[in-house]
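These are my notebook entries from a first look through one structure, written for someone who has not met it before. I kept them in the order in which I looked things up.

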Amino acid sequence: MAKSITHNREQWQSKWGFILASAGSAVGLGNFWRFSYLVGMNGGAAFVLVYLASVLVIGVPLMIAEFLLGKLTGLSIVSAFRKISGNRKLWVALGLIGVVASFVTLGYYAVIGGWVVGYLGQSLSGNLPRDPATADAAFRIFSTTPALQIVWYTLFSWIVATIVSRGVRAGIEKYNRILMLMFLMLLTGMAIYALTLPGAREALSFMFKFDASKITPLVTLLAVGHTFFSLSLGAGIMIAYGSYLPKKITLPFASIVISVIDVIVALLAGLVIFSIVFSFGLFPDSGTGIAFVTLPPLFAVMPGGTWLATIFFFMLAAAAITSAVSILEVVAVYLMDEWKVSRQVSTWGSAIAIYLFGLIWTANDITLVDKIAGGYLLVLGALAVALLVGWVVPLSNLAKLLQTKATHPVLRGFYFLNRYLIPITLVWLLLSGTF
Ligand code: TRP
């Protein structure tokens, strides 16, 4: 091993490889499964609007902040927090929140990833349900039969661990290329088709016709929480990805590109899903399985639906895998940086532990754990990142990393957001008693 891990650290091969890997982390089940059920259950456009505002004001600056912490230290979340804070216990503990959030999140994320792989298997065999009622019944049976889920969950977890065990370039970066572009093209095609359905108009107004009275503290908390989930923030992922960065890169540009891709995917997915919901007379607030109930019948009525379904579920599985890869990377790189174990040992060790723990969710409802690990813990982790960048790292260091002057207005804006606005908003949300 090297004298210092930082020197031996793997690096991204190219700038776009890094951007696509980060976008691959961001784009995942969150954009389909999670976004759609949150929008459906929380007032439609009200949620969408708060979400967009939150991506802009909180998401983008925090993503830049995470990349900066990674690049500044060349380390992953816990070690980075330790180094920047001068080994203060409180900060090390805060860094561990990210690792815990990742550990817990991956368990249930992989269960849902397993659902997607299962649906891929069904579409390959031409067995997808053809109308919403059958789709609903099929989803219920699938999601309440542990044995069935364990098969797909195991397959999904194994693929993810294999990719992570290969490392940054040969694993993470390689598998994230191409897929993103194909994915975006297919989704755009589906959204255009969905717009021709009779329920499209209602879907558009549900998602974009905004009613201020529907913005409640709960909606706000969930929308802000989802910002972190969807952009993969608050768990140390972008810190890890930032730590593999070569010297020259414009982080604000990269962060904006990644966030825009993520938002576009979520909005397109929402359009597709809600057009079907309204076309078939379903209810938008029908719960966490909404994406799985609405998509199969769409394929049934689309021309060439069977093979489109296969491509779609393949893409969605790929998107879920690239996200799960990033979540596992946090736990694996934590063990590598802090405990100095090899990539193989840390990847397989953490993957197996997460796998065993995650088995719980093949037999239990995930709503609560998703709220806690995928919401609350990420908000806490993000708060720590904002405070670290806003209060602990000297402004002159940030300026140097961003290759600009400390007086640059954009840098000052960024600094202000991380120093005051983001922490205050997050503390308010955490204390608002909505949990
Ligand atoms: N962003 C991914 C998605 O939308 C999920 C994800 C990746 C994630 N990394 C994360 C969620 C870290 C929480 C924490 O599907």
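**Entry 1: a loop serine**

I began with Ser 232, which I found in the loop between helix 12 (217-231) and helix 13 (237-243). I note at once that the model is a predicted one, and I read every value below with that in mind. The phi angle of Ser 232 is near 55°, which is a positive value in a residue other than glycine. I then asked whether Ser 232 is buried or exposed. Its relative accessibility is 7%, so Ser 232 counts as buried, given that the cut-off for buried is under 20%.

**Entry 2: the ligand**

Ser 232 led me to the ligand, since a polar side-chain atom of Ser 232 lies 3.0 Å from a nitrogen atom of the ligand. How much of the ligand's own area does the protein bury? Taken alone the ligand exposes 360 Å², and I wrote down that the protein buries 100% of that. I listed 16 residues that surround the ligand, of which the closest are Ala 26, Gly 30, Tyr 109, Phe 229 and Ile 237. For Ala 26, I found a backbone N or O atom at 2.9 Å from an oxygen atom of the ligand. For Ser 230, a backbone N or O atom lies 3.1 Å from a nitrogen atom of the ligand.

**Entry 3: the whole chain**

I next stepped back to the overall fold, and counted 20 helices and zero strands in the protein. The C-alpha atoms fill a box of roughly 60 × 50 × 40 Å when it is taken along the principal axes. I compared the radius of gyration with the rule for a compact globule: with 435 residues such a globule would come out near 22 Å, and the protein has 21 Å, which agrees. Of the 435 residues, 60% count as buried.

**Entry 4: salt bridges**

How many salt bridges does the structure hold? The structure holds five, and I followed up some of them here. As a reminder to myself, side chains of opposite charge can pair when their charged atoms come close.

The side chains of Asp 370 and Arg 34 meet in a salt bridge, at 3.0 Å from N to O. This pair links distant parts of the chain, with Asp 370 in helix 18 and Arg 34 in helix 3 (residues 29-41), 336 residues apart. I also noted that Asp 370 is buried, and that Arg 34 is buried as well.

Arg 82 forms a salt bridge with Glu 338, and the closest N and O atoms of the two are 2.6 Å apart. Arg 82 belongs to helix 5 (residues 77-85) and Glu 338 to helix 16 (residues 305-339), so the pair ties together parts that are 256 residues apart in sequence. The relative accessibility of Arg 82 is 28%, and therefore I entered Arg 82 as partly exposed.

Glu 338 has another partner, Ser 79, whose side chain makes a polar contact with the side chain of Glu 338 at 2.9 Å. Ser 79 is also in helix 5, and because its relative accessibility is 6%, Ser 79 counts as buried.

Arg 343 forms a salt bridge with Glu 329, where the closest N and O atoms are 2.9 Å apart. Arg 343 lies in helix 17 (residues 343-358) and Glu 329 in helix 16, so this pair ties together parts that are 14 residues apart in sequence. Both Arg 343 and Glu 329 are buried.

**Entry 5: the loop after helix 16**

In the loop between helix 16 and helix 17 I found Lys 340, which has a positive phi of about 55° although it is not a glycine. Is Lys 340 buried or exposed? The relative accessibility of Lys 340 is 53%, so Lys 340 counts as exposed.

**Entry 6: a nonpolar patch**

Last, I looked over the surface and found that Leu 56, Val 57, Trp 391, Val 392, Phe 416, Tyr 420, Leu 421 and Ile 424 form a nonpolar patch, with about 740 Å² of accessible area together. The elements that give two or more residues to the patch are helix 4 (45-73), helix 18 (367-392) and helix 20 (409-431). Which helix gives the most? Helix 20 does, with four residues. I checked Val 57 by itself: this residue lies in helix 4, and with a relative accessible area of 30% Val 57 is partly exposed.

Note on methods: Residues numbered from 1 in each chain as written. Predicted model: local features only at pLDDT ≥ 70, side-chain atom pairs only at ≥ 80, totals over all residues. Heavy atoms only, no water. Patch = residues over 30% accessible without salt bridge, like charges linked within 9 Å, V, L, I, M, F, W, Y side chains within 5 Å. Areas by Shrake-Rupley, 256 points an atom, 1.4 Å probe, with all protein chains shown as cover. Salt bridge = Lys/Arg side-chain N within 4 Å of Asp/Glu carboxyl O. Buried < 20%, exposed > 50% of the residue type's maximum accessible area, 1.4 Å probe, protein only. Near = heavy atom within 4 Å. Polar contact = N/O pair within 3.5 Å; in protein donor to acceptor, adjacent residues only side chain to side chain. Rg over C-alpha atoms; globule rule 2.2 N^0.38 Å.
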